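The following note is addressed to a student reading this structure for the first time. Please keep the sequence and the model in view while working through the numbered points.

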Amino acid sequence: MKIIELPRIVLVGDNAIDKLKETVYGLGLKGNPLVISGQDTVKVAGERVSQNLNANLDVIGDLHEREIDRISDRIKVEKIRYVIGVGGGSVIDVAKVCAYNSKIPFISVPTAASHDGIASPRATIRGTKNVSMQVNSPLGIIADTKIIEKAPQRLLASGCADAISNYTAVLDWKLANKEMGEYYGDYAATLAMLSAEIVMHNSARIKEDISILIEALISSGVAIGIAGSSRPCSGSEHQFSHVLDKICPTPALHGEQCGVGCIMMACLHNADWTRVRDALKRVGAPTTAKEIGIENRYMIEAITTAHSIRDRYTILRNGISENEAVHLAKMTGVIE
Ligand SMILES: [Zn+2]
């Protein structure tokens, strides 16, 4: 048996945030809400949302694991009935985990479109443990294009790269099906691939029409919901990024790392890696070790150890040697 869990309402558009109150009532949510926001994003939208709903506001600090424990306690003590996460990717993830732990609904109000976590039933908490976990899908998503288009360009480029990286994730999934007989869902895979294709196809004009990116990331989240796992949007390029998160003193953004990984993994798949690279360039995402600010040695270590990061069959299969990794990174122009 398979359970498919999807958002019930998705609102995308200019000033969508002004419709939050009606949306919440429309979803039948009652009782005390808690608005969770970040230190920068509270001014962008967090305060507005809490005033609008007459709700308590919690601005989270940098130590996310500790914040999850603190907020989960607060939810219990104050008898909070639902959580609204207002912020970038990491704030949304923290709010999502808090709601999941407390078994209450979660509404996602992203202020940036930096990765597909704005809509997916998965959360990644960076910290001492760097955990990625299955949670509930947001019950509603309110993506205000007026707010998101003002997000730092680097975050939006990173979001594009995360969507583009579905390209190799789907190739990996197909491979696992062919070589290992792993379950493969055509619908979820096609939806995830469509997100990558649409962002690549529109890479030159995505800055002018941010709704293309938002819809692509929401579709990715929905694909994860349909598949029941992150498979359609997370393959070898994500394993590569997860290793960088572990070994680099200062890792880059999630989408940026996945994008660079996607170039190299596409090459291993004998797919059109130059198309991936060129699309990343057009959206302003990094395509080399230098641009992403990560030393070559970390890049090579991440390529050679990525296969061991979790039990997921990909093009890396049992891993590749250091020589092969250097050759791959040089051939794709990731390192000089
Ligand atoms: Zn991702």
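1. C258 is found in helix α11, which covers residues 254–268. This is a predicted model, and the remarks below should be read accordingly. Is C258 buried or exposed? C258 counts as buried because it has 32 C-beta neighbours inside 10 Å, and the cut-off for a buried residue is 20 or more. Leaving aside residues up to four places away in sequence, C258 touches A161, D162, S165, E237, H238 and S241. The C-alpha atoms of C258 and Q239 are separated by 8.4 Å, although these residues are 19 apart along the chain.

2. Two of the residues touched by C258, namely E237 and H238, also take part in a packing of helices. Helix α10 (residues 236–247) and α7 have axes that come within 7 Å and cross at roughly 115°. On the α7 side the contact is made by T168, A169 and D172, and on the α10 side by S236, E237 and H238. By class, the residues of this contact divide into one nonpolar, three polar and two charged.

3. Helix α7 (residues 166–180) also packs against helix α8 (residues 186–201), at an angle of about 150° and with the axes 8 Å apart. How are α7 and α8 oriented to each other? They are roughly antiparallel, because an angle over 145 degrees is placed in that class. The crossing in which α7 passes α8 is left-handed. From α7, the residues N166, Y167, A169, V170 and W173 meet A189, A192, M193, S195 and A196 from α8. The residues of this contact comprise eight nonpolar and two polar, with no charged residue. The student may note that A169 appears in the contact with α8 and again in the contact with α10.

4. Helix α8 has a further packing, with helix α6 (residues 153–164). The axes of α6 and α8 come within 7 Å and cross at roughly 130°. These two helices are therefore oblique to each other. Which residues make the contact of α6 with α8? C160, A163 and I164 come from α6, and S195, A196, V199 and M200 come from α8. The contact has six nonpolar residues, one polar residue and no charged residues. S195 and A196 serve in this contact and in the one with α7.

5. At the level of the whole chain, the protein is divided into domain 1 (9–148) and domain 2 (153–331). The C-alpha centres of the two domains lie 26 Å apart. How many residues does each domain give to the contact? Domain 1 gives 20 residues and domain 2 gives 25 residues. On the side of domain 1 that touches domain 2, the elements that give two or more residues are β1 (9–13), β8 (140–144) and α5 (145–148). That side has ten nonpolar, seven polar and three charged residues.

6. G225 is placed in helix α9 (residues 210–227). With 24 other C-beta atoms within 10 Å, G225 is buried. Not counting residues up to four places away in sequence, G225 touches I4, E5, L6, S120, P121 and S137. G225 and L194 are 31 residues apart in sequence, and their C-alpha atoms are 16 Å apart in space.

7. R8 is found in the segment before β1. R8 is partly exposed, with 15 other C-beta atoms within 10 Å. Residues up to four places away in sequence being left out, R8 touches L27, L139 and G140. R8 and L213 are 205 residues apart along the chain, and 20 Å separates their C-alpha atoms.

8. Two loop residues deserve a check of their backbone angles. N54, in the loop between α2 (41–53) and β3 (56–59), has a phi near 55°, which is a positive value in a residue other than glycine. N54 is exposed, with 8 other C-beta atoms within 10 Å. R317, in the loop between α14 (296–305) and α15 (322–331), has a phi near 40°, again a positive value in a residue other than glycine. R317 counts as partly exposed, with 14 C-beta neighbours inside 10 Å.

Conventions
Residues are numbered from 1 along each chain as its sequence is written. This is a predicted model: local features need pLDDT of at least 70, side-chain atom pairs count only at pLDDT 80 or more; totals for chains, interfaces and linings use all residues. Axes are lines fitted to C-alpha atoms, for helices over the stretch in contact, and angles run from 0 to 180 degrees between N-to-C directions. Helices (H or I, at least four residues) and strands (E, at least two) are DSSP runs, numbered from the N terminus. Angles under 35 degrees count as roughly parallel, over 145 as roughly antiparallel, 65 to 115 as roughly perpendicular and the rest as oblique. A crossing is left-handed if the near helix is turned anticlockwise from the far one by less than a right angle, and right-handed if clockwise. Two residues are in contact if their C-beta atoms, placed from the backbone, lie within 7 Å. Ala, Val, Leu, Ile, Met, Phe, Trp, Tyr, Cys and Pro count as nonpolar, Asp, Glu, Lys and Arg as charged, and the others, Gly among them, as polar. Domain bounds come from an automatic or database domain assignment. A residue is buried if 20 or more other C-beta atoms lie within 10 Å of its own, exposed if 12 or fewer, and partly exposed in between; C-beta atoms are placed from the backbone.
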